[in-house]
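Student: I would like a close look at one part of this protein, with its surroundings filled in afterwards. Could you walk me through it slowly?

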Amino acid sequence: MIFRFITIFLFCVVSLKVSGQFTHPSYKQYTLRDGLSQMQVMCLFQDSRGYLWVGTKEGINCFNGDRIISFTDKDGLENENIYQIAEDFTGNIWASTNDGLACFDGEKWKSVSFEKIISLTFASAPDGKIWYLGTNPKILPIFGYLENGKYHNQLNLLPEFNVSGSAGIAYSKDNDALILHDTHNLYELKKRNP
């Protein structure tokens with residue numbers, strides 16, 4: 001009886017130790033010493049190649065699994081305060097800043113200036129347009145698309161919209177539509193068929 005109790009007790013202790021080993025994943029903290037441009041991370045994005053893009057208040061960082069490459073104003077970013085990072089349908093990396101959108105073609109960043117912006121989100125569409133939604137300094141909505149380096153205002157397509165809280169935009173491949181949200185509503189914007 002005592003032998004059976006000791007065996008069960010040891011089995012439970014070993015089981016707890018083994019199962020306890022899997023409850024704590026290993027973490028590695030990346031800092032300025034590893035190449036991050038700044039420690040205040042504003043957004044993260046993993047591209048189609050598996051690279052991790054990190055937007056901070058002082059630039060963009062790309063982690064390729066081996067090392068971190070930092071991009072700042074010296075690399076073509078007009079503004080280093082990054083809100084969002086995403087990939088378009090051709091593989092270019094896009095970022096939104098206080099001064100507009102910036103595009104990385106794999107070699108260099110090119111910024112496309114806009115009026116001063118408080119917040120800016122964007123979504124890529126298959127036709128090459130980058131749709132944007134945001135707020136100007138007067139807390140009024142801005143909405144439209146960027147094509148061939150020019151911004152096209154489409155505010156007339158935007159429904160009654162409250163940008164004083166959170167707002168966002170995404171492209172739905174299944175519906176071939178833009179999905180927009182403000183603090184209280186969700187909208188779908190589709191092309192009209194001729």
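Which residues line the second largest pocket?

Tutor: Happy to. Please keep in mind that this is a predicted model. The second largest pocket is lined by Trp94, Cys103, Asp105, Lys108, Lys110, Val112, Gly128, Ile130, Leu146, Glu147, Asn148 and Gly149. The space inside this pocket comes to about 240 Å³. Two elements, β8 and β11 (141-147), each give two or more residues to its lining. Sorted by class, the lining of the second largest pocket holds five nonpolar, three polar and four charged residues.

Let us start with β8. Strand β8 covers residues 109-113 and runs antiparallel to strand β7, residues 100-104, with five bridges joining the two. One pair to find on your screen is Phe104 and Trp109, which are bridge partners. Between β7 and β8 there are four residues, and the two strands form a hairpin. In the turn of this hairpin, Gly106 has a positive phi of about 105 degrees. While you follow the strands, a general point may help: side chains in a regular strand alternate between the two faces of the sheet.

The β7 and β8 pair also takes part in another space. The structure holds one cavity of 30 Å³ or more. About 40 Å³ of space lies in the largest cavity, and both β7 and β8 give two or more residues to its lining. The residues around this cavity are Glu78, Asn79, Thr97, Asp99, Gly100, Leu101, Ala102, Ser111, Val112 and Ser113. By class they divide into three nonpolar, five polar and two charged. Val112 is worth selecting, as this residue is named in the lining of the cavity and in that of the second largest pocket.

Now go round to the other contributor, β11. Asn148, one of the pocket-lining residues, is found in the loop between β11 and β12 (150-153). The backbone of Asn148 deserves a look: its phi is near 50 degrees, a positive value in a residue other than glycine. Is Asn148 buried or exposed? Asn148 has a relative accessible area of 77%, and because the cut-off for exposed is over 50%, Asn148 counts as exposed.

On the other side of β11 in the sequence is the loop that joins β10 (130-135) to β11, and Ile139 lies there. Ile139 is not a glycine either, yet its phi is positive, at about 60 degrees. Its relative accessibility is 43%, so Ile139 counts as partly exposed.

For context, turn next to the largest pocket, which holds about 380 Å³ of space. Its lining has 16 residues, and those closest to the centre are Trp131, Leu157, Leu189, Lys190 and Lys191. The elements that give two or more residues to this lining are β14 (177-181) and β15 (186-190). By class, the lining of the largest pocket has nine nonpolar, one polar and six charged residues.

Both of those strands belong to an open sheet of three strands, ordered β13-β14-β15 with antiparallel pairing. Its edge strands are β13 (168-172) and β15, each pairing on one side only. On average, neighbouring strands of this sheet are turned by 25 degrees against each other, direction ignored. Five bridges join β13 to β14, and across that pairing Gly168 stands opposite His181.

Another open sheet has four strands in the order β1-β2-β3-β4, again with antiparallel pairing. Here β1 (41-46) and β4 (68-71) are the edge strands, and the twist averages 20 degrees from one strand to the next. Strand β3, residues 59-63, is joined to β4 by four bridges, and Phe63 stands opposite Ile68 in β4.

Finally, step back to the whole chain. Its secondary structure comes to one helix and 15 strands. Of its 194 residues, 38% count as buried. Among contacts between residues at least 6 apart in sequence, 33% join residues at least 24 apart.

To return to your pocket, then: select the lining contributors β8 and β11, add the β7 partner of the hairpin, and finish with Asn148 in the loop after β11.

Key: Residues are numbered from 1 along each chain as its sequence is written. This is a predicted model: local features need pLDDT of at least 70, side-chain atom pairs count only at pLDDT 80 or more; totals for chains, interfaces and linings use all residues. Side-chain values use heavy atoms; hydrogens and water are left out. Two strands pair if DSSP finds at least two bridges between them. On a 1 Å grid over the protein atoms alone, a cavity is a set of points where a 1.4 Å probe fits but cannot get out, and a pocket is an open set with protein on both sides within 12 Å along at least five of seven lines; lining residues have an atom within 4 Å of a point. Grid points are joined across faces, edges and corners, and a volume is the space filled by probe spheres set on the points. Ala, Val, Leu, Ile, Met, Phe, Trp, Tyr, Cys and Pro count as nonpolar, Asp, Glu, Lys and Arg as charged, and the others, Gly among them, as polar. Axes are lines fitted to C-alpha atoms, for helices over the stretch in contact, and angles run from 0 to 180 degrees between N-to-C directions. Buried means under 20% relative accessible area, exposed over 50%, partly exposed in between (1.4 Å probe, protein chains only). Contact means heavy atoms within 4.5 Å.
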